[in-house]
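These are notes for a colleague on the model shown below. Each numbered point takes up one topic.

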Amino acid sequence: MIKKLFIYFAQFPSREGILTMAVNGTSPMPEYDEVLAEIDAQTDERRIDGLDNYAYGQSFEELQARIDKCVGSFLYADYGEFQVQTDGRKSLEYVERMAVTVAMKLGNNVDAIERMIASDRTLAMLAEIHAWLMADVENGLIDDPFYRKNEYAVREVCRQDFVFRKVFAPDEKILASRFADKGGWTVEQQFIHQMGSSYLLAHGIGVAPVADAKT
């Protein structure tokens, strides 16, 4: 399902901006070549003019690394949230939620007018994508998720538990809670399970800004 949506949204950005994600060029996974072949089979005429890149990542770090390499505008489709709803009569409804974002990377020296123009351009691109989605549903090119039993295609996903883990070993020198001089900050441990370590938090009492912490 994710592969199908990935290929669908690959119709919008420039082909060059899509293929830069295929860093390895080949893979022991047979689907790898299938994805590249389906993208290559798409028409050279892109659906959205001026949409330079395609961003995808299964973690924030992976997505950020991809965006850091992008120049200009990019499309990001997040299709990872599923919900199960019940009406109390043993009837279940499976809902897939998607978020489609179009953004543009700007330099450090742009002014407010340039930022406004960038926002106007990306909003116009997003409106075009929405229009294409509605047209493709109307023309039967993609399934209407609200038609009959189409939601059943994803119900098995909703019956499973998924756990995503990221393991890393930070250098102790970057752990702010161990700085020799904590300045006007205090050590906070309330969200240590989410953060992976204690961290520094401004107490919010007294004169702001507080003094910097130093190693």
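1. Exposure terms come first, since several points rest on them. A residue is called exposed when its relative accessible area is over 50%, buried when that area is under 20%, and partly exposed in between. Lys69 has a relative accessible area of 65%, so Lys69 is exposed. The residue belongs to helix H4, which spans residues 60-69. Between the C-alpha atoms of Lys69 and Ala55 the separation is 9.8 Å, with the two positions 14 residues apart along the chain counted as their distance in sequence.

2. The coordinates are those of a predicted model. The protein contains 7 helices and 5 strands. Their order along the sequence is α-α-α-β-α-β-β-α-α-β-α-β. Of the 215 residues in the protein, 25% are buried. If contacts are restricted to residues at least 6 apart in sequence, 55% of them join residues at least 24 apart.

3. Next, the packing of two helices. How do helix H1 and helix H3 pack, and at what angle? Helix H1 covers residues 2-9 and helix H3 covers residues 30-41; the angle between them is about 30°, and their axes are 10 Å apart. Angles under 35 degrees count as roughly parallel, and H1 is therefore roughly parallel to H3. The crossing of the two helices, H1 and H3, is right-handed.

4. Which residues make this contact? On the H1 side they are Lys3, Phe6 and Ile7. On the H3 side they are Glu31, Glu34, Val35, Glu38 and Ile39. By class, the residues of the contact of H1 with H3 comprise 4 nonpolar and 4 charged, with no polar residue.

5. Two residues of that contact can be followed further. Phe6, in helix H1, has a relative accessibility of 14% and so counts as buried. The C-alpha atoms of Phe6 and Ile39 are separated by 9.7 Å, although the two residues are 33 residues apart along the chain. Glu38, in helix H3, has a relative accessibility of 39% and so counts as partly exposed. Glu38 and Ala10 are 28 residues apart in sequence, and the distance from C-alpha to C-alpha is 9.6 Å.

6. Aromatic pairs are the next topic. How many does the structure hold? The number is 5. One of the pairs is formed by Tyr8 and Phe9: the ring centres are 5.2 Å apart and the planes lie at 85°, so this pair is edge-to-face. An angle over 60 degrees is what that term requires. Phe9 also pairs with Phe12, at 6.0 Å centre to centre and with 40° between the planes, an arrangement classed as tilted.

7. Are the residues of these two pairs buried or exposed? Tyr8 has a relative accessible area of 10% and is therefore buried. Phe9 is buried as well, at 1% relative accessibility. For Phe12 the relative accessible area is 0%, so Phe12 is buried.

8. A last point concerns an aromatic cluster. Phe6, Tyr54 and Tyr56 form one such cluster. Phe6 thus has two roles to note, because Phe6 is buried at 14% relative accessibility and is among the residues that make the contact of H1 with H3.

Key: Residues numbered from 1 in each chain as written. Predicted model: local features only at pLDDT ≥ 70, side-chain atom pairs only at ≥ 80, totals over all residues. Heavy atoms only, no water. Axes fitted to C-alpha atoms, helices over the stretch in contact; angles between N-to-C directions. Helix = DSSP H or I, 4+ residues; strand = E, 2+ residues; numbered from the N terminus. Parallel < 35°, antiparallel > 145°, perpendicular 65-115°, else oblique. Left-handed = near helix turned anticlockwise from the far one by under 90°. Contact = heavy atoms within 4.5 Å. Nonpolar A, V, L, I, M, F, W, Y, C, P; charged D, E, K, R; others polar. Phe/Tyr/Trp six-rings, centres within 6.5 Å; stacked < 30°, edge-to-face > 60°. Buried < 20%, exposed > 50% of the residue type's maximum accessible area, 1.4 Å probe, protein only.
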